[in-house]
Amino acid sequence: MAYDESRQRQHDAPSVADDDPPDGFPIGYRTGDEVTAVDRPVVLDDVFDDPDHGEPGRDRMAVHAVWEVLLLVAVAALLFLTYRGNPEVLQGAALDSLLVAAAALGLLVLAAGLSLRAGVPNLALGPVAIAAAAYFGSVDRDPKVLIGLVAVAAAALGLALALFVVTFHVPSWAASLAVALAVIVFIGQRAIPTQLPDGWDPTRYSSYFFGGFAAVAVLGGLFGTVKMIRRAVGRFRPVADPARRRGPGAAVVAAGAITVSMMLAALAGVLLAGGSPVLSPSSGIEWTGLALGAALLGGTSAYGRRGGIFGTVLVVMLLALFFTYSVQRGWDLPLGAVAAAMVGGGLVVTRLVEAFGRPRPVTAGGDAEEAAATSSWRGDTVDGEESWSAALPAQPTGGLDSWGGDRWSATGR
């Protein structure tokens, strides 16, 4: 009798599992026969930005898949309309020119998408592209040497902008806008159209240019689906106070994204210069709007980090076919108007991506059991630091334990 009473007292005694869970990572704890999820981050591996911020779980890609299917349908429809109106524009030399123009636009969109996903939008892309085109057509030198000079100059400009942004931790859109205004002054000094260098004909390699752009865009999107890469690239994205620094890793990635985006914009300008025998420089701001709008419309979030796989390629194809079709129909559409419409539509897509692409919330049931199983190897957290010490189960009080007392005493026999 004494042994049974002792076991009953131990069973009824309170334990850690019945108490409120400790502060720190959310865990699953038992209440009766059910497992309840605590509304806190689950584990470090499920936090996107850092252990103190972000939502547990993986970003959902279904919204990107649905949107990219719709973009594919739109591309197929516009391709059919263009071919039915004038099949010659999709053949021979006309097709080569179309592919070069699409590759140039694609490099700009790729640069905009990279800067957006890294959380450092670059507004100087258009002016840099036009300045590169103007310089490329105003200097009589070997085209290969000119391409190298343009790439180096763009890299230096991008690195200077990147160092300013990450050192002072200021918004990249504002800093890049200042760079854009300075580059526009450079463009104004070369407003007279000039002939392109002899021997520069990118249409001879049109399929390589467009294929290279498409391969880089798709591979970048595929790598972006990996949680670790996705989190690292978008780490500069603010999660709390925007003035709070995100750490040296985020600064390095953001600086690299700005620098590479500048180089891509300059190379896009070189291809734009090859699309016409005579250059007509403009401010380039409309090209910035077009690139950012296309990147947003392709599924890249304006807030950073999130993006699709095939969206960039599909939007570039859609834009190239749209401009070709508008020429067939005799539409005189200002580039700035098209860019404004693209940005407006892209912001709507961003809202959808952010709303339906965020991780699913942790709920009771299967998610709670998974959270409990995953967190069983985690300790409590004290002041943000993980502790591996675990509290022992509470011992019964107010009575004798099962190893002593009445079980072995003479009176208990």
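**Buried charges and a nonpolar patch**

Mentor: Let's begin with arginine 306, which is buried, with a relative accessible area of 2%. Keep in mind that this is a predicted model.

Trainee: Why is arginine 306 called buried?

Mentor: Buried means under 20% relative accessible area. Arginine 306 has 2%, so it counts as buried.

Trainee: And what makes glutamate 354 buried?

Mentor: The cut-off is again under 20%. Glutamate 354 has a relative accessibility of 9%, so it is buried too.

Trainee: Why is the contact between glutamate 354 and arginine 306 called a salt bridge?

Mentor: A side-chain nitrogen of Lys or Arg must be within 4 Å of a carboxyl oxygen of Asp or Glu. Here the closest N and O atoms are 2.6 Å apart, so the pair fits that definition. Glutamate 354 sits in helix H12 and arginine 306 in the loop between helix H10 and helix H11, so the salt bridge ties together parts 48 residues apart in sequence.

Trainee: What makes Arg237, Arg306 and Glu354 one network?

Mentor: Their salt bridges share partners. Glutamate 354 also forms a salt bridge with arginine 237, with the closest N and O atoms 3.4 Å apart. Arginine 237 lies in the loop between helix H8 and helix H9, 117 residues from glutamate 354.

Trainee: Now for tryptophan 173: why is it called partly exposed?

Mentor: Partly exposed lies between the buried limit of 20% and the exposed limit of 50%. Tryptophan 173 has 47%, so it falls in that range. This residue belongs to helix H6, and together with Leu177 and Leu181 it makes a nonpolar surface patch of about 300 Å².

Technical notes:
Residues are numbered from 1 along each chain as its sequence is written. This is a predicted model: local features need pLDDT of at least 70, side-chain atom pairs count only at pLDDT 80 or more; totals for chains, interfaces and linings use all residues. Side-chain values use heavy atoms; hydrogens and water are left out. Helices (H or I, at least four residues) and strands (E, at least two) are DSSP runs, numbered from the N terminus. Buried means under 20% relative accessible area, exposed over 50%, partly exposed in between (1.4 Å probe, protein chains only). Patches are made of residues with over 30% relative accessible area and no salt bridge: like charges are joined within 9 Å, nonpolar side chains (Val, Leu, Ile, Met, Phe, Trp, Tyr) within 5 Å. Accessible areas come from the Shrake-Rupley method with a 1.4 Å probe; for residues, only the protein chains shown count as cover.
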